[in-house]
Amino acid sequence: MALQVRVAPSKVVLQKLLICVILFYAVYYVALGMHCVMLKVYELDVLAPSDFKTNPSWFNTNYKVLLVSSEVTYFVCGLLFVLVVEEWVREYGISVTILHVAITSTVMLGFPLTSHWWVALGFGLISMICGGQT
């Protein structure tokens, strides 16, 4: 009796990854917009998903908007990725996060070295994986 594992063709994997990345950023901007309205922040940079240079303070409303939007995005995407990739949420979630770090590094012209950004990213990824696993 041989163990048979079915591997998806790379074209399908890349298509699903592209869908997940687009979905991730769409959800991020929707969450960002909702939190801007709720917290009455009327000015926010278009590059907000890549902003790791904002001063981490609970008194800084922009930081709260970025943090809450990020965490909500990861949790909601964990639930939505199930519709796209079924049981592969963990793998696609990690891949989208790696792409997000690469995009962030490119957009901000520097690698994020701030601990608060990595902690938020880690908690978001854990919530995505736990929320999306069936």
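**Packing around helix α3**

In this predicted model, the buried residues of α3 pack against three helices, namely α1 (10–38), α2 and α4 (115–132). The buried set within α3 comprises Val89, Tyr92, Gly93, Val96, Thr97, His100, Val101, Thr104, Ser105 and Met108. The helix itself has 20 residues and spans 27 Å from its first C-alpha to its last, a value close to the 28 Å expected at 1.5 Å a residue. Directly after α3 comes Leu109, for which phi is positive, near 55°.

The packing of α3 with α2 was examined next. Helix α2, which covers residues 61–85, and helix α3, which covers residues 89–108, pack with their axes 10 Å apart and at an angle of about 125°. Because angles over 145° would count as roughly antiparallel and those from 65 to 115° as roughly perpendicular, α2 and α3 are classed as oblique to each other. The crossing in which α2 passes α3 is right-handed. On the α2 side, the contact involves Tyr74, Gly78, Phe81, Val82 and Val85, and these meet Val89, Tyr92, Gly93, Val96, Thr97 and His100 on the α3 side. The residues of this contact divide into 7 nonpolar and 4 polar, with no charged residue among them.

The packing of α3 with α1 has its own geometry. The axes of α1 and α3 come within 10 Å of each other and cross at roughly 65°, and α1 passes α3 in a right-handed crossing. From α1, the residues making the contact are Val13, Lys16, Leu17, Cys20, Val21, Phe24 and Tyr25, whereas α3 contributes Tyr92, Ser95, Val96, Leu99, His100 and Ile103. Sorted by class, the contact of α1 with α3 holds 10 nonpolar, 2 polar and 1 charged residues. Tyr92, Val96 and His100 of α3 are thus listed in the contact with α1 as well as in the contact with α2, and these three residues are also listed as buried.

A further set of contacts centres on Glu71, which is located in helix α2. With a relative accessibility of 22%, Glu71 counts as partly exposed, since the buried class is confined to values under 20%. When residues up to four places away in sequence are not counted, Glu71 touches Ala120, Phe123, Gly124 and Ser127. Glu71 and Leu121 are separated by 50 residues in sequence, while their C-alpha atoms lie 7.9 Å apart in space.

Conventions: Residues numbered from 1 in each chain as written. Predicted model: local features only at pLDDT ≥ 70, side-chain atom pairs only at ≥ 80, totals over all residues. Heavy atoms only, no water. Axes fitted to C-alpha atoms, helices over the stretch in contact; angles between N-to-C directions. Helix = DSSP H or I, 4+ residues; strand = E, 2+ residues; numbered from the N terminus. Parallel < 35°, antiparallel > 145°, perpendicular 65-115°, else oblique. Left-handed = near helix turned anticlockwise from the far one by under 90°. Contact = heavy atoms within 4.5 Å. Nonpolar A, V, L, I, M, F, W, Y, C, P; charged D, E, K, R; others polar. Expected span 1.5 Å × (residues − 1). Buried < 20%, exposed > 50% of the residue type's maximum accessible area, 1.4 Å probe, protein only.
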